[in-house]
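Please guide me through this structure, from its sheet to the helix that lies across the strands, and then to a pocket and some individual residues.

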Amino acid sequence: MKIAVLGANGQLGRDVAAAFAAEGHAVTGLTHEQVEIESMEAVKPALEGIRPELVVNTAAFHHVEKCEADPARAFAVNGIGARNVAQATDALGATLIHISTDYVFDGMKQEPYAEEDQPRPLNVYGNTKLSGEHFVRGINPRHFVVRVSAIYGENPCRAKGGLNFVELMLKLSHEREELRVVDDEFVTPTPTAQIARQLVELSGSRHYGLYHATAEGSCSWFELAAAIFEMTGTRVRLERARPGEFPAKVPRPKYSVLENKALKSRSLNIFTPWQEGLAKYLEKREAAVTPS
Ligand SMILES: NC(=O)c1ccc[n+]([C@@H]2O[C@H](COP(=O)([O-])OP(=O)(O)OC[C@H]3O[C@@H](n4cnc5c(N)ncnc54)[C@H](OP(=O)(O)O)[C@@H]3O)[C@@H](O)[C@H]2O)c1
């Protein structure tokens, strides 16, 4: 297949491009510099020039505080940008995989969210991503809208200054004697490499629609930090933050664990428990820094 990846130099975009290329597909990566998704004048000719059969849109404005400060820009990228890509792919008869987020939920359910659960975003980021989902689902019938959560990968997250949570914890563990981490926000940390492989699987099916795509299980950020330090043998004093110790500047869901119900019902789910994904990531990281 001819495939175009938007957000191609991002944390997820790089792994997505690599996963499809590894399967022998002809992948064209499009960076922000090459295509501004806010602008149909940029999106249309870029995709027409490639004539892809599949487009994967990983591009987003997803820094939660910056989105809150600039709702118009957040909507322009996450809403109108998604609309532009949906219209351009529909006109080309191409399938669209559009990446969305667990932040479309408010976290009140306190048990894993399935695809049929009612979204109720708490912040501008979540609202604008939800608007993007609506555009995609309403415009291009050949769509996979894929919600992911708490992602981390080998490539830097551009919107978050490069360091994912795992790398941040390891860096801080060398700089401080004690680390205090929140224990009242629950997610499912998921490696981008696994998501990329899941998208390859999904793209081979015709079961278009809305999908949750996260590793199995869930943890608080404190529990994730504890697992990182245990698996790497890092010695640092790790404490639970007191309630309210780190007040969030923007409301966020306290519980945004997703259930891969649609993937499972179609026997497409490839995800493993989050601890396995983390162990693999850390092993690979260790191998990269240890000379053989
Ligand atoms: N990171 C998370 O924990 C998380 C959690 C849930 C969902 N998601 C979703 O996962 C997706 C990928 O996130 P990521 O972690 O890979 O983020 P990332 O590393 O920040 O990558 C996002 C990419 O989008 C590009 N981009 C931003 N605005 C654009 C625009 N207007 N036009 C074209 N390209 C633009 C960025 O380029 P520049 O940097 O050059 O602007 C970057 O290459 C996003 O849809 C995000 O909403 C992420």
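The paragraphs below begin with the sheet and end with single residues.

The model is predicted. It contains an open sheet of six strands, arranged in the order E2-E1-E3-E4-E5-E10 with parallel pairing. Strand E2, residues 26-30, and strand E10, residues 209-212, form the edges, since each of them pairs on one side only. On average, neighbouring strands of this sheet are turned by 20 degrees against each other, with direction ignored.

One pairing within the sheet can be followed in detail. Strand E3, residues 54-57, and strand E4, residues 95-101, run parallel and are joined by four bridges. In this pair, Asn-57 stands opposite His-98 of E4.

A helix accompanies this part of the sheet. Helix H7, made up of residues 192-203, lies across E3, E4, E5 and E10. Relative to strand E5, which covers residues 143-148, helix H7 runs at about 160 degrees.

Helix H7 also takes part in a pocket. The second largest pocket has a volume of about 220 Å³. It is lined by 13 residues, of which Pro-191, Ala-193, Arg-197, Lys-280 and Tyr-281 are the closest to its centre. Two elements give two or more residues each to this lining, namely H7 and helix H10, which spans residues 274-289. Sorted by class, the lining of the second largest pocket comprises four nonpolar, four polar and five charged residues.

The loops beside E3 and E4 hold two residues with a positive phi. Arg-51 is located in the loop that connects helix H2, residues 40-50, with E3. Its phi is near 50 degrees, a positive value in a residue other than glycine. Gln-110 belongs to the loop between E4 and helix H5, the latter formed by residues 124-139. The phi of Gln-110 is near 65 degrees, again positive in a residue other than glycine. Is Gln-110 buried or exposed? Gln-110 counts as exposed because its relative accessible area is 52%, and the class begins over 50%.

Leu-168 offers a further point of reference, in helix H6, which runs over residues 165-175. With a relative accessible area of 32%, Leu-168 is partly exposed, because this value falls between the limit of 20% for buried residues and that of 50% for exposed ones. Although Leu-168 and Ala-225 are 57 residues apart along the chain, their C-alpha atoms are separated by 9.8 Å.

Conventions:
Residues numbered from 1 in each chain as written. Predicted model: local features only at pLDDT ≥ 70, side-chain atom pairs only at ≥ 80, totals over all residues. Heavy atoms only, no water. Pairing = 2+ DSSP bridges. Axes fitted to C-alpha atoms, helices over the stretch in contact; angles between N-to-C directions. Contact = heavy atoms within 4.5 Å. 1 Å grid on protein atoms, 1.4 Å probe; cavity = no way out; pocket = protein on both sides within 12 Å on 5 of 7 lines; lining within 4 Å. Points joined across faces, edges and corners; volume = space filled by probe spheres on them. Nonpolar A, V, L, I, M, F, W, Y, C, P; charged D, E, K, R; others polar. Buried < 20%, exposed > 50% of the residue type's maximum accessible area, 1.4 Å probe, protein only.
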